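Reader: I should be grateful for a close look at a single part of this model, set against the chain as a whole. Please treat the matter in one connected account.

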Amino acid sequence: MFLENHLPGQPVSPLQTLTLRHVPAGLLTIRDGRGRPYFSQAAVDEVSFTAGGAAGWHTACVCDETGAELASLQFRLEPRTELRESSGQFRELFDICYYTMADEALKHYTRYQGKTYYYLVDWLRDHVHTLKGMKYFEPKLRSGIELYRDSQREDGMIWDNVHRREPPGTLPNHWGVRFQYGEFERTFEDGTAQFTRIPVENDVEYLFVEGIYFTWKATGDTAWMVSCLAAAIRALEYTVSSPYRWSTKYGLLKRGHTIDTWDFQNEEDCLSDFANWPDPMAIHPEKTRFGIMFGDNTGYAASCEYLAEMLETVGRAAEAQTYRQRAAEIRQRLNELAWNGRFFTHHVPEDPNVKRDLGVDESTQISLSNTYALNRRITHEQAVAILRTYRELKDNLPPGSPGEWYLIYPPFPKGYNGHCRPWQYMNGGVSPIAAGELAHGAFEHGFEDYGVDILLRSLELGRRFGNQFWECYTGAFPPPPPRTFRAVNLLPFSSCSISLNDSPTTPNWIPGEHPELTGFPTGEQTFHEIPFQVSRAVALSTHAGYAPTVEIPVNARAGAVYLLHTLARGEIAGSLTIHYADGTSQTTYLREGRDVLSINHWAERSLQRDVHDNIHAVTAWQDYQPRHLHVYVSLTGFDTDPQKEIRSIVLQSAADGALWFVLGLTLSDSAVYFPPSPLSYGIPHGWGAAALTYALVEGLAGVVDTAAAFERVRLSPRWPAAGVHSAEVTIHYPACGGYAAYHYHLDEAAKRLTLTVTGSGQQAALSLLLPAPLASVESVLVDGAPVNYHLRQVEESRYLDLDLPLTGVHRIVVSA
């Protein structure tokens with residue numbers, strides 16, 4: 001007896017059709033990896049069957065009427081997380097999400113007190129949020145939580161992150177000086193790394209509990225979960241007892257004025273008491289102007305219920321009730337304080353007399369944690385209101401916005417510019433984090449079409465930027481300020497051709513030392529909306545034959561000066577000094593990699609469109625040359641005093657022999673402006689990709705683990721919302737081998753939906769989104785037999801609900 005087209009050791013996928021050949025006459029029984037029989041049939045010669053049940057080695061055995069074994073063989077069922085569907089779009093999105101998560105560049109190992117710990121990201125918050133997606137791909141999950149369990153502070157506080165100290169040391173460093181006042185930093189005894197807690201943060205304890213909960217579900221390891229319960233309880237009790245965390249006035253979690261769940265306060269609220277400078281992360285129980293950020297409370301309430309479920313699982317029901325009651329009370333108090341009928345108000349001050357000048361009516365702002373709230377067990381009515389608010393925002397987006405998935409909207413015009421200007425990062429940036437959470441909530445609350453729309457627009461965003469997800473995108477592109485330009489004639493000061501490879505006035509060029517800009521355009525040219533007159537180049541260096549300094553007369557007012565230039569070698573190109581007619585001046589040194597790019601022999605590079613010391617720099621042009629590989633021309637802007645006349649501009653080369661070439665100079669009557677990059681900054685990439693992953697898995701594909709290790713699973717395929725007629729889905733936990741899988745097929749002409757289901761667990765609850773052709777259900781068959789079912793309405797969507805055992809393989813047919 002053998003399996004057709006199957007080699008020894010070759011893995012088999014769930015729901016794969018297999019054929020046994022040369023089967024002796026007898027009773028064929030096939031058992032799964034847990035020894036459970038899932039196929040039994042009298043057989044002769046050839047038998048086809050569908051593989052299913054628990055992963056691992058399956059046994060096919062043929063016995064005679066006395067029970068004696070006539071033949072047997074084994075094959076290995078090996079589930080892997082996969083999503084394939086007829087449109088191909090959602091598989092593509094799934095692949096982009098996985099690549100983004102797997103490509104996370106942050107360090108993943110720490111050695112603490114003799115044990116090596118692995119984590120997805122070295123911040124607990126980021127680890128837990130990335131876990132939402134990576135638990136379906138990554139087997140090493142426990143130690144990322146154990147690190148914070150084993151290092152928990154004596155009073156129950158959980159550290160925010162762990163960072164290596166390179167080189168090792170025990171003397172106070174930057175974090176030690178900033179956070180030693182409240183013991184919010186602790187260096188390892190061997191000095192190799194340190195834990196820190198961002199003082200203003202108030203989400204870490206509940207995220208620790210959330211991390212325990214979902215790691216338990218993904219590993220199925222109840223003994224491990226029990227080992228974490230005491231730490232989980234201490235963490236949640238710390239939150240409600242610490243004067244840094246708990247508002248006795250409102251009976252809710254509090255924090256300083258941050259943008260949603262982020263770790264920096266506005267400039268008005270920075271304390272200088274501890275680091276001797278205004279620290280946006282520092283708080284003090286008596287000095288900080290605290291308020292209620294609703295997201296801390298929705299997250300804490302959800303984690304109380306996660307803890308209650310874990311306690312109930314191990315027979316500690318009385319303790320569990322304490323936390324279920326606490327969750328209910330927090331939600332009630334929060335709704336009374338912060339729910340405005342459409343969404344949760346971002347920040348409610350403890351002292352109503354506190355007024356901040358942040359340039360926006362905060363009652364109008366909708367922030368990230370509203371998307372999280374959708375998935376933290378708020379009421380259906382609240383979820384519907386939030387979803388409608390975001391859908392309205394989608395129809396009224398500002399210019400250039402990539403989507404309504406704002407971390408806060410509208411942004412703060414004032415108060416947060418030190419960390420993020422408006423429309424960047426947390427201050428009005430757009431993130432896949434919000435997109436994924438919003439889509440997940442849309443699928444769960446009857447807005448399936450909207451959930452699909454979010455996923456498809458996210459796919460377009462991923463395609464647009466290298467088939468991966470950025471952590472954050474610029475949230476809007478306001479029109480540029482009105483500007484006029486005047487190109488300065490550099491011809492009288494030039495010393496070589498624009499190609500830089502010859503010059504009659506400088507015979508001492510060193511062959512191969514400078515880039516050759518063959519192909520660089522000349523005449524009137526525009527780069528990043530800035531016009532230049534390009535003819536010949538000004539070559540500056542302290543080498544013999546070069547001009548070390550050039551002074552260019554201007555005799556005009558300007559708001560900005562733009563320089564078109566490149567660098568052949570050197571860490572500092574030189575300096576640009578603006579001399580005003582009143583005798584004052586301003587000097588800027590131009591550094592390689594920040595203000596100008598040089599020849600780079602291997603890697604492709606770019607200049608970030610950022611602001612530092614009143615300078616902006618971007619890449620204007622690049623080329624590839626066999627000798628120099630990557631050659632760049634940079635465009636750098638310098639803000640000037642528009643009230644003063646500029647007498648001249650002096651360009652001076654660095655004294656270390658740098659070769660600096662200036663190709664163009666242009667004045668503007670307005671301050672430096674470049675169109676912002678569509679890519680923002682500030683968050684690990686995998687966090688947002690994980691949110692989209694779990695929206696795909698639990699939302700669209702509809703596979704939800706309702707116990708642990710997929711022992712019980714809810715299957716809610718929502719493919720009709722996406723116009724998908726067939727799908728093959730396997731969702732697997734590599735940490736334990738648990739999985740659930742189904743094949744979905746909708747035949748609209750025959751008005752028939754077929755679902756073939758298997759998994760490693762015991763029970764499945766089906767909740768099928770009914771497509772239009774099945775508006776009137778005539779019959780439901782499970783393995784050919786009629787069964788009872790229930791029809792349920794969620795907003796405008798109709799679902800068909802039924803329960804079935806998950807052992808083996810089952811075929812459900814719904815007909816109209």
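In which strand is T29 found?

Author: The model is a predicted one, and T29 is found in it within strand β2, which covers residues 17-31. T29 is buried, because its relative accessible area is 16% and the limit for that class is under 20%. Leaving aside residues up to four places away in sequence, T29 touches P37, F39 and S40, and also T59, A60 and C61.

The setting of this residue may be described next. The protein chain has 816 residues, of which 58% count as buried; T29 belongs to that class. In secondary structure the chain comes to 13 helices and 41 strands, β2 being one of the strands. Along the principal axes, the C-alpha atoms fill a box of roughly 105 × 65 × 60 Å. Where contacts between residues at least 6 apart in sequence are considered, 70% join residues at least 24 apart. Among the partners of T29 are T59, A60 and C61.

As to the surface, the accessible area of the protein chain comes to about 31,300 Å², and carbon and sulfur atoms account for 50% of it. The chain carries 69 positive and 95 negative charges, and the mean positions of the two sets lie 2 Å apart.

Empty space in the model can be treated in the same account. Rolling a probe the size of a water molecule over the atoms shows where such space is left. The largest pocket holds about 620 Å³. Its lining consists of 27 residues, and those closest to the centre of the pocket are Y306, N375, R377, H440 and E698. Two or more lining residues come from each of α2 (124-134), α5 (204-219), α7 (294-313), α11 (432-444), α13 (685-700) and β31 (703-705). Helix α5 provides the largest share of this lining, with four residues.

Two cavities of 30 Å³ or more are also present in the structure. About 60 Å³ of space lies in the largest cavity. The residues lining this cavity are H129, D203, Y206, L207, T261, M293, G295, D296, S369, Y372 and R376. Elements α5, α7 and α9 (369-373) each give two or more residues to that lining. Helices α5 and α7 thus appear in the list for the largest pocket and in the list for the largest cavity.

To return to the part requested, T29 lies in β2, is buried, and has P37 and F39 among the residues that it touches.

Conventions. Residues are numbered from 1 along each chain as its sequence is written. This is a predicted model: local features need pLDDT of at least 70, side-chain atom pairs count only at pLDDT 80 or more; totals for chains, interfaces and linings use all residues. Side-chain values use heavy atoms; hydrogens and water are left out. Buried means under 20% relative accessible area, exposed over 50%, partly exposed in between (1.4 Å probe, protein chains only). Contact means heavy atoms within 4.5 Å. Accessible areas come from the Shrake-Rupley method with a 1.4 Å probe; for residues, only the protein chains shown count as cover. Lys and Arg count as positive and Asp and Glu as negative; His and the chain ends are not counted. The place of a charge is taken as NZ of Lys, CZ of Arg, CG of Asp or CD of Glu. On a 1 Å grid over the protein atoms alone, a cavity is a set of points where a 1.4 Å probe fits but cannot get out, and a pocket is an open set with protein on both sides within 12 Å along at least five of seven lines; lining residues have an atom within 4 Å of a point. Grid points are joined across faces, edges and corners, and a volume is the space filled by probe spheres set on the points.
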